[in-house]
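Please open the model in your viewer and keep the selection tool at hand. The tour below moves from one stop to the next, saying what to select and what is found there.

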Amino acid sequence: MANKFEEYGKKYGTVIAVLVALLVWCLPTPEGMNLTQHKLLSIFSGAVILWVTLSVSVATSSFIIVSLLYFWVGNAEGALKGGSLVHNAGFALSGFASPALWMLITGFIISIAMTETGMARRVALHLMRRFGKTPGGAILSPMIANLLVAPLTPSNTARTAAMLPIVEGVAQAYRVEPGKSNFGKALFLSNTFASNITAGGFLTATIPNPIAIGMIVAALGTAASVTSWGFWALAALPTTLIVLVGSQYVVRWLFPPEMKTIPGGLEYVETELRAMGPTTPREKKALLFFSLALLLWATDMWHHFNSTMVAFVVSTLILLPKVGVLSWKEAQKSIPWELFVYFGGVITLSNVLTKTKAFEWVIKSGITGLGLTNVDMMPLMIGLMGFTIFSHIIWSTTTAMAGVMIPIYIGLAQSFGFPVAGFVLPQAILMGYALFLPFNTMGNIIMFGAGYYTVSEQLKAAFAVGLFAWAAWALTAVAWFPVIGLY
């Protein structure tokens, strides 16, 4: 079903996007909505279709958006000069100056340093040696390693790819064959979910997180302590750890492992560590740079250095000749330039939708029409947490989902008069929870490709883990977020 959707989406998505955008534009401009807002909603509706169907590359969608913003919308106020529309390039390109966008590039440089030097793999293997003697420990070890590298791996795909050889090594150590063992199913499903769950633990753990923060900052008009790296970790990490550990219990309950201990010991892990040899000076440098970035990010609530600028400094050290561990030529090959262009366009569109209050108008109209003018923040926020988790089933990329949903959540907060950061940050934390189907994220596809579980088994486990995660985050919203001052 997913393949059919992707096939038809790629074939007809662009035509559908144009038709939907034209349909929205041809509707009469409602009372209370201005022409600029109407244009922006037309662009947004077409962009959503492009993002969901992937009929054009995500970078191409940003070129389309930026071009329409400059030549058709012109400026946020709809200003005219001499009877002609004023065309403001800064308006159309505003997202490309966002610190959140540059966090994507600098964060990847730090991540590349850890993976290219082999330090990320060494950490994972040592965890496996220490905790992998029982099925539960063997399943959990790569999950914990995933969490440890998450702060400096802003890509679920990269993190999953780094963990895959470790997880396959565990399967080999336990002598299980793909598709024939409950232990194999539990191992691979749990570690598929791990990359999605750890994505919420840190601001820099997946690309949508800094993008969401960029949108929140734009809505607030300035950065605040609640938008810092340290506050995100304070808000998200405790529950992320609970959900991460708890999820493998849920999966093992659904797929009980056949064995009680590892057959024959941890030969695979020892063999791999021997093959890696002693820790190299290059690995030690990478770990030092990793630790420096983590320390500065974790303490940003006290020193107030911008998280992106911290990443710039650490990236500079990584790239300096004789000091660092990478050359620019090595780094640039792994930097996702397509996503850089895409998020520049997404942030730009989100900024102008927020600035012009286009979403606010739509949401206020919907609220009035549904008679929801007196909804309290807490039940609505908890309900949306569940919606955010389970609506991942229709998306093929968490980045596109964040680009669509975060502006809507911001508009909801503004319409109801809720604190924007307090209402939207919990939803942003859950943007990585793409648990349900292989096509929901490339990380899922990577683990699914190993052949240890079926689509239906993933869906079954994902719904159980999704319900557990929703309950855990609902309790967090009630008991933890108010304590730390989120609202």
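Begin by selecting K180, which counts as exposed because its relative accessibility is 67% (exposed means over 50% relative accessible area, buried under 20% and partly exposed in between, with a 1.4 Å probe and protein chains only). Before going further, note that this is a predicted model, in which local features need pLDDT of at least 70 and side-chain atom pairs count only at pLDDT 80 or more, while totals for chains, interfaces and linings use all residues. Residues are numbered from 1 along each chain as its sequence is written, and side-chain values use heavy atoms, with hydrogens and water left out.

Now add E177 to the selection: its side chain meets that of K180 in a salt bridge, at 3.3 Å from N to O (a salt bridge is a side-chain nitrogen of Lys or Arg within 4 Å of a carboxyl oxygen of Asp or Glu). E177 is partly exposed, with a relative accessible area of 49%. Side chains of opposite charge can pair when their charged atoms come close.

The structure holds two salt bridges, and for the other pair you should select K185 and E457, whose closest N and O atoms are 2.8 Å apart. K185 lies in helix α9 (residues 182-198) and E457 in helix α23 (residues 455-479), so this pair ties together parts that are 272 residues apart in sequence; helices here are DSSP runs of H or I with at least four residues, numbered from the N terminus. K185 is buried, at a relative accessible area of 13%, and E457 also counts as buried, at 15%.

Next, display helix α7 (residues 135-149) together with helix α11 (residues 229-254), whose axes come within 11 Å and cross at roughly 150°; the axes are lines fitted to C-alpha atoms over the stretch in contact, and angles run from 0 to 180 degrees between N-to-C directions. That angle makes α7 roughly antiparallel to α11, a term that applies over 145 degrees.

Within helix α7, pick out A138, which counts as buried because its relative accessibility is 0%. From there, draw a distance to L127, 11 residues apart from A138 along the chain: the two C-alpha atoms are separated by 9.3 Å.

Finally, turn to helix α1 (residues 2-26) and select Y8, which has its place there. Y8 is partly exposed, with a relative accessible area of 46%.

Definitions and conventions:
Helix = DSSP H or I, 4+ residues; strand = E, 2+ residues; numbered from the N terminus. Parallel < 35°, antiparallel > 145°, perpendicular 65-115°, else oblique.
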